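Hello,

Here is the structure I promised to pass on. Please open it first, then read my notes below with the picture in view.

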Amino acid sequence: MMEQVPEPRFTLVKVSETDWAIHDLHHPESDHRRVVCRIYDDAPTDVEVIWMRDLPLALRYPNVHEVLEAVERFQDASRATRPIPIPHRPPPTRRRDRR
């Protein structure tokens, strides 16, 4: 039986000769959440990223493909585990002083 490969969630879009964007395909084109980040060819050795979402990722990468891979890894890691249950206990009761 062949395993189906899921549709990619993120895509790299070339905006100009030196600028790119990463789009989240789970949101329609008219939705501002579609743009995850803007990427600018800042130097011969790396690119600069401006995040449109609050992601704990770097601001510089060697190339645009590394940025896309970082976003995909972050998304996969955030969905990798179930929430850790927190034990629920009643609040402590105050003891009365017995003198």
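**The sheet**

In this predicted model, five strands make up an open sheet. Their order is 1-2-3-4-5, and the pairing is antiparallel. Which strands stand at the edges? They are strand 1 (10–14) and strand 5 (60–61). Each has a single partner strand, so one side of each has no neighbour in the sheet.

**Strands 1 and 2**

Start with the hairpin. Strand 1 and strand 2 form it, with four residues between them. The two strands run antiparallel and are joined by five bridges. One pair to find is lysine 14 and its bridge partner in strand 2, tryptophan 20.

**Strand 2 on its own**

Is strand 2 (residues 19–24) enclosed or open? Six of its six residues are buried, so strand 2 is largely enclosed by the rest of the structure. Look at both faces, because each one is covered. On one side, Asp19, Ala21 and His23 are buried. On the other side, Trp20, Ile22 and Asp24 are buried too.

**On to strands 3 and 4**

Strand 2 also pairs with strand 3, in the antiparallel sense, over five bridges. Tryptophan 20 turns up again here: its bridge partner in strand 3 is isoleucine 39.

Next, strand 3 (residues 35–41) pairs with strand 4 (residues 47–51). This pairing is antiparallel and has five bridges. Here, cysteine 37 has tryptophan 51 of strand 4 as its bridge partner.

Best wishes

Note on methods
Residues are numbered from 1 along each chain as its sequence is written. This is a predicted model: local features need pLDDT of at least 70, side-chain atom pairs count only at pLDDT 80 or more; totals for chains, interfaces and linings use all residues. Side-chain values use heavy atoms; hydrogens and water are left out. Two strands pair if DSSP finds at least two bridges between them. Buried means under 20% relative accessible area, exposed over 50%, partly exposed in between (1.4 Å probe, protein chains only).
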